Amino acid sequence: MKPAHTLQNLVSPHSWAELPWGEYYRGALERQLQPWWPKLFGFHLLKIGNLSAELDTEKCVISHQVSVGLDGSNLDVLADPYQLPFAVKSVDACLLAHTLSYADDPHRMLREIDRVMIDDGWLVISSFNPFSLLGLGKLIPTLRQRQPYVSRMFSQMRLLDWLSLLNYEVLEQSRFHVLPWQRKGGIFLSTHLPALGCLSVIVARKRTLPLTLTPMKLGARKPSLSRAVGATKSYRKPGRVP
């Protein structure tokens, strides 16, 4: 397995329109996430990256939504996703729409997001599925340097492993949109063979473990029966006075 950190210079697209069939991906993601937006609650939704900023999240009950990234006209805050300008445990939900696909250090980015996420906060991640028709394009040398094949395609199992290390409970994991060149991704194939979908979505919540009391050692326990009064006292004869 290749390491998560890479020295490759990855250029993230500023819009879904910059990707071949990008508008199809965007529409498929919005349809897939539509049932989840009313379930998220809190005060602040963080949308990291230009692709996240373009997704329609009007159905989300979180009214204050902030888009963050390094540069772009559709962003509210210009900041490095590796150094978010927010306090610890100040964000209720975070959306990463293919943000990890263009991250040179996804572990570091997830740790930074975990820092600003409140306990029981919501995390939504979308990415490209390497085990799909789209993933096959990375095997063709002439396509490797083009979008979206230049992106990093992490398997869903690998993303789940990273989230488990940060103690996130996965509520939803799905793959869809099998045929990338069709607007709805091939309804029949997407219904019966979702594992081959080009797009992957994970919805998770940050959990905290309860404190566990340290059991008392057996030898430190008090005796169940109290000793009789005076049973442990010792007496001795007074010594002779010379």
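Visitor: How many bridges join strand S4 to strand S5?
Guide: This is a predicted model: local features need pLDDT of at least 70, side-chain atom pairs count only at pLDDT 80 or more, and totals for chains, interfaces and linings use all residues. Residues are numbered from 1 along each chain as its sequence is written, and side-chain values use heavy atoms, without hydrogens and water. Helices (H or I, at least four residues) and strands (E, at least two) are DSSP runs, numbered from the N terminus. S4 (residues 91-97) and S5 (residues 117-128) run parallel, and the bridges joining them number 6.

Visitor: Which are the edge strands?
Guide: Two strands pair if DSSP finds at least two bridges between them. Here an open sheet of 7 strands has mixed pairing and the order S3-S2-S1-S4-S5-S7-S6. Each edge strand pairs on one side only; they are S3 (77-78) and S6 (168-176).

Visitor: Which element gives the largest share of the largest nonpolar core?
Guide: A nonpolar core is a set of buried (under 20% relative accessible area, 1.4 Å probe, protein chains only) Ala, Val, Leu, Ile, Met, Phe, Trp, Tyr and Cys residues joined through side-chain atoms within 4.5 Å. The largest one has 31 residues, and Trp 16, Leu 40 and Phe 128 have the most contacts inside it. Helix H1 (22-33), S4, S5 and S7 each give two or more residues. The largest share, 4 residues, comes from H1.

Visitor: Which residue in S5 stands opposite Ala 93?
Guide: Leu 40 touches (heavy atoms within 4.5 Å) both Ala 93 and Trp 122, among others. Opposite Ala 93, in S5, stands Trp 122.

Note on methods:
Buried < 20%, exposed > 50% of the residue type's maximum accessible area, 1.4 Å probe, protein only. Lists of a residue's contacts leave out its neighbours within four places in sequence.
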